[in-house]
Every structure is written in structure tokens, then in C-alpha cells.
Amino acid sequence: MSQTSNMSASGGAYKPVSHVIFDMDGLLLDTERLYTVSFQQVCDRFGKQYTWDVKASVMGKKALDGARMIRDALELPMTAEELLAETRLIQDRIFPSAKLMPGVEKLVHHLRKHGIPIAVATSSAGATFKLKTSQHQDFFGLFDHIVVGDDPEVKNSKPQPDSFLVCARRFNPPASPEKCLVFEDAPNGVKAALAAGMQVVMIPDDNLDPGLTREATLRLGSMEAFEPTLFDLPAFD
């Protein structure tokens, strides 16, 4: 996918930032692929297909909300709670195999080395976060802080801006939203970042409808294609 920018209203494409916030699922870790495996396994029993249209609508949602939307969209003969319980059993087994996405380590180490404050804002609940990151504890230790989906201060999930606003406030000192750059892979996450008053780089899955990527400040095919200097961040060495 080519690099695509959307010019801001002021005429310039990008504004300088001082802080960076990362989504996790499908952005830092390849867990979105594992979610698909788990939901399709349950759908197979009923001859249903967990399509990308359905997946795109639930990415970034809290777990039970997402399960409810999937159950309704695919008319599965089970409650959302049952769907969630079944897929969680599968996920418990496969989430520890999650791998870091291409270009992620390079950028995070680079920002850390240059003293740029970095954090994670994920819709994953704390217990799920631990499972997914169990093989990458050193990497996730590089971040200043991590805001999880069941954090008591995060009242509403993406596309509401709560998780990003809470994340910005927790920098020491707190960061103003317009000084934060968000990395996201999901349409709901992009909406949340924009609602928070932040610029957002979207790195969508190739299967995502391109029409759902237009709102992002910048769209990239991979983290490897990101040029920090576009947002006044230190250049790669």
C-alpha cells in the first residue's frame, strides 16, 4: 500500500509532535490475525464466515461489545457471552504466540533512545494484555506507561477518545493532545485519535476496505515506511 497523506485544514500536512502513543492489536503485535483464527473456528461449526467487513466494525472495541456485534451480524445461535467464552479458550492457547509487527522494534527503540515519551493505549483488558505480551515483556517495558481497556478511567471504548486522552494525561508531565501522534490499524482507533485532537498514522491490514482509511493523517503499508521527520521527530540514524 502506498503512503497516503490527508492535508490538514491549515494547508500543511503534518504538525510537529513531542509524544507518541501506540495501539497494540494489529499494530505492535499480529494479534488481529489470531482473533480471526479464534472467531472463524467457532463460525465454522455453523457454516458462517467471519468476514473482513464484520471484523473491521469490531476492531478496537471492548471484548464483549465486539462479540455482541459479531453474534448479531452473523446471526450465530449463541449468546455474546458464550461466543466470548469459547473464543477466549482458543485465544488463551494461541495469544502467547503473537509476534511483533515489521518495523515496530526499530521505531520504538529509536524513539526511546532519543528520549521521546512513548506509551500504549489498547482496548485489551489487563489479563488479555499479559497473555499477548508474555513473550515480549522486555519490549513492552520500553514504554513510559500502558493504558489497558479495563482501566477505570477509560469510561468508553474506541471510537470514543477516552483511552488516548487518559494516555496523554499520564505522561510526566502530561502531554497536550495536539502534541501526541497516534499509531493505529483500526478505523475505530483512527476515529478515537481524531476525536482526542491528535494526529494519527494508520497502518491498516491489506484486507481492510481502503474507504475506511481516508480519515487518517497519514496512511502507510508498514511501520517500516514511517519517516519520523515528517512530524518533527528525530531522524533515523
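How many nonpolar, polar and charged residues are in the lining of the second largest pocket? Let's go through this predicted model view by view and find out.

**View A. The largest pocket holds about 420 Å³ of space.** Its lining is made by 30 residues, and those closest to the centre are Tyr35, Val58, Lys61, Lys62 and Ala63. Look for four helices here: α1 (31-45), α2 (52-58), α3 (63-74) and α4 (80-94) are the elements that each give two or more residues to the lining of this pocket. Sorted by class, that lining has 11 nonpolar, 9 polar and 10 charged residues.

**View B. The second largest pocket has a volume of about 340 Å³.** This time 20 residues do the lining, and Gly26, Met101, Ile203, Pro204 and Asp205 are the closest to the centre. Two elements, α1 and α2, give two or more residues to the lining of this second largest pocket. The largest share comes from α1, with 3 residues. And here's the count we asked about: the lining of the second largest pocket divides into 9 nonpolar, 4 polar and 7 charged residues.

**View C. Here are some of the aromatic rings, which form 11 pairs in the structure.** Zoom in on Tyr14 and Phe231, a tilted pair with 4.8 Å from centre to centre and 55 degrees between the planes. These two are 217 residues apart in the chain: Tyr14 is in the loop between β1 (4-5) and β2 (19-22), while Phe231 is in the segment after β7 (218-219). Phe231 counts as buried because its relative accessibility is 0%, and the cut-off for buried is under 20%.

**View D. Phe139 and Phe143 make an edge-to-face pair.** Why edge-to-face? The planes of the two rings are at 85 degrees, with the centres 5.5 Å apart, so the pair gets that name; the angle needed is over 60 degrees. Both Phe139 and Phe143 are buried. Now widen the view: Phe139 and Phe143 belong to one aromatic cluster, together with Tyr14, Phe22, Phe129, Phe140, Phe183, Phe226 and Phe231.

**View E. Two lysines, Lys55 and Lys106, each lie over the face of a ring.** Lys55 is over the face of Trp52, at 5.6 Å from the ring centre. For Lys106, the ring underneath belongs to Phe236, and the distance from the ring centre is 4.1 Å.

Definitions and conventions: Residues numbered from 1 in each chain as written. Predicted model: local features only at pLDDT ≥ 70, side-chain atom pairs only at ≥ 80, totals over all residues. Heavy atoms only, no water. 1 Å grid on protein atoms, 1.4 Å probe; cavity = no way out; pocket = protein on both sides within 12 Å on 5 of 7 lines; lining within 4 Å. Points joined across faces, edges and corners; volume = space filled by probe spheres on them. Nonpolar A, V, L, I, M, F, W, Y, C, P; charged D, E, K, R; others polar. Phe/Tyr/Trp six-rings, centres within 6.5 Å; stacked < 30°, edge-to-face > 60°. Buried < 20%, exposed > 50% of the residue type's maximum accessible area, 1.4 Å probe, protein only. Lys NZ or Arg CZ within 6 Å of the ring centre and 35° of its normal.
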